[in-house]
Amino acid sequence: LALSRYTYVVDIKPLLQSDHPATDAYIMFTEIYPQSMSTPVELLFLPPNAGDMDSSEWKLASCHMLKDLADRVTEVMRAEGHDYAMSASDFVGMMMILGHCVEEGVYIDGIPLLNMMPILEQIGVYDTGYSIATNADKTATYVYVICQVDVFSEVGEAWMRALRAALPDSNPATWDGVDLGELHLYGVPLDQMDGAEFTTQRMVWVVLAITLIMWMILGGSFGSLLIPMRAVICIGWMIAVTFGAAVAVYQLGFLSFLGISSLKPSAGSAMFWVALPITGPILVGLGLDYDIFLMDSVMENWLCGKRPKEAVVASLEQAGTIISAAGIVMFFAFGALLVSPTPVLNQVGFMLCVGVLIDCFVTTKITIPTLMALVPGNANFWPRAQREEPSSSGARAAQSPPRQTLRKS
């Protein structure tokens, strides 16, 4: 039930140390200043030729394109059910100031007849901003794109997708008959969102690939078709329980009453998007490792003539202690991540610790023996057949030389 409520965030706060002066300063900065100051989204212009951006035609065309872009973003957001309106003033660049095109004049609300552009040029404000936004060769310039909400929120992610979708279809772009050059939207929020979506969409293929590899390894090692199937079920169950426990702790706050910071929800009571993709393959590897430890002993005992249930019991006596010891070692090794002040490391460490404990003390000791007991006879090892040991009397008869009868002459 807890796993069904899984959600993730792409915010960078889980990557920062908790209760650290630098982290506190960053959070305070984001609360005081717009999001574009700390994690900006920027639109990069690459004009066809060096110096094109200095022409009045290029500045005017690029400014008109930005105004149309704001209107298109608003349409997309409202079509998706978000009450969000983007305006031209959300763009800040060398061609646009306060939502006005520099070539058409910069006016302050309430004073429509006063063009502020000559004043900005005279006191050097425009030249300073121009030099910051433009490279020395005048082959590129960028525009700050301001988001009116938290860019890492659900609405913020929808805004980034709408902004990307509203860009001109052709790249290089042309507007008002002027070749604007190439346009590139970039920024840390976009990187996080794209990474999360790319990874999440391909997790199905990752799971299928891991399942196929497990089937090949176990099937090839033990010569059985049911052993890989049972392993997939056991390891999948272990991972589901582990992920569900992490959701219960870091989203629902089941252990908040303990007062331990590493076991409290963070970043909007959601998991960091990279935590599950990191821990999943590691848990599969550990689960497969312990599974092979046990099944190798089971197979050895079964091939020596023991019945399946007897082979499992004997294997638990032989390999159970080794598996438990290995699990305890890994638990303490991964437990060090819970001491870290970084939330994402706490989440990863918690899942690895829980997964190791479940696999070593539940899966190998209870789940695997139970599932094998439900399968009748030697079907657990199908299609492999048990070796037929020669009978003791037959073995002695084969080993003893034939008797020679002595007749009296």
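Is Ala-270 buried or exposed? I started the notebook with this residue. The model I am reading is a predicted one. Ala-270 has a relative accessible area of 4%, so I wrote it down as buried. I found Ala-270 in the loop between helix 9 and strand 11, the strand covering 271-272. I then took a distance from Ala-270 to Pro-34. Their C-alpha atoms are 23 Å apart, with the two positions 236 residues apart along the chain.

**Entry: Asp-191**

I went to helix 7 next, where Asp-191 sits. Asp-191 has 53% relative accessibility, and the cut-off for exposed is over 50%, so I list Asp-191 as exposed. I also looked up its separation from Val-10. The two residues are 181 apart along the chain, yet 9.2 Å separates their C-alpha atoms.

**Entry: aromatic pairs**

How many aromatic pairs does the structure hold? I get ten. I looked at Tyr-126 and Tyr-130 in detail. Their ring centres are 6.2 Å apart and their planes meet at 45°, so I call this pair tilted. The tilted class runs between the 30 and 60 degree limits. Both tyrosines belong to helix 5, residues 125-133. They are four residues apart there, so about one helical turn separates them. I checked burial too: Tyr-126 and Tyr-130 are both buried.

I noted a second pair, Phe-272 with Trp-273. This pair is also tilted, with 6.2 Å from centre to centre and 50° between the planes. Phe-272 is buried, and Trp-273 is buried as well.

One charge over a ring went into the notes. Lys-365 lies over the face of Phe-361, 5.7 Å from the ring centre.

**Entry: strand 2**

Which strands does strand 2 join? I traced strand 2, residues 41-46, to strand 8, residues 141-145. Five bridges join the two, and they run antiparallel. Within strand 8, Val-143 stands opposite Leu-43. I then followed strand 2 to strand 10, residues 178-187. Six bridges join that antiparallel pair. Here I noted that Phe-45 has Leu-183 of strand 10 as its bridge partner.

**Entry: largest pocket**

I turned to the pockets. The largest has a volume of about 530 Å³. It is lined by 24 residues, and those closest to its centre are Met-203, Val-207, Ile-239, Phe-243 and Gly-280. Which elements give two or more residues to this lining? I listed helix 7 (188-201), helix 8 (203-222), helix 9 (226-250) and helix 10 (275-303). I sorted the lining of the largest pocket by residue type: 19 nonpolar, five polar and no charged.

**Entry: second largest pocket**

The second largest pocket holds about 290 Å³ of space. I count 16 lining residues for it. Nearest its centre are Val-92, Gly-93, Met-94, Ile-97 and Gly-129. At least two lining residues come from each of strand 3 (91-92), strand 4 (96-97), helix 5 and strand 8. Which element gives the largest share of this lining? I noted helix 5, with six residues. By type, the lining of the second largest pocket divides into 13 nonpolar, three polar and no charged.

**Entry: cross-references**

I marked two elements that came up twice. Helix 5 carries the Tyr-126 and Tyr-130 pair, and helix 5 also helps to line the second largest pocket. Strand 8 is bridged to strand 2, and strand 8 supplies residues to the lining of the second largest pocket.

Methods:
Residues are numbered from 1 along each chain as its sequence is written. This is a predicted model: local features need pLDDT of at least 70, side-chain atom pairs count only at pLDDT 80 or more; totals for chains, interfaces and linings use all residues. Side-chain values use heavy atoms; hydrogens and water are left out. Rings of Phe, Tyr and Trp (its six-membered ring) pair if their centres lie within 6.5 Å; planes under 30 degrees apart count as stacked, over 60 as edge-to-face and the rest as tilted. Buried means under 20% relative accessible area, exposed over 50%, partly exposed in between (1.4 Å probe, protein chains only). A charge sits over a ring if NZ of Lys or CZ of Arg is within 6 Å of the ring centre and within 35 degrees of the ring normal. Two strands pair if DSSP finds at least two bridges between them. On a 1 Å grid over the protein atoms alone, a cavity is a set of points where a 1.4 Å probe fits but cannot get out, and a pocket is an open set with protein on both sides within 12 Å along at least five of seven lines; lining residues have an atom within 4 Å of a point. Grid points are joined across faces, edges and corners, and a volume is the space filled by probe spheres set on the points. Ala, Val, Leu, Ile, Met, Phe, Trp, Tyr, Cys and Pro count as nonpolar, Asp, Glu, Lys and Arg as charged, and the others, Gly among them, as polar.
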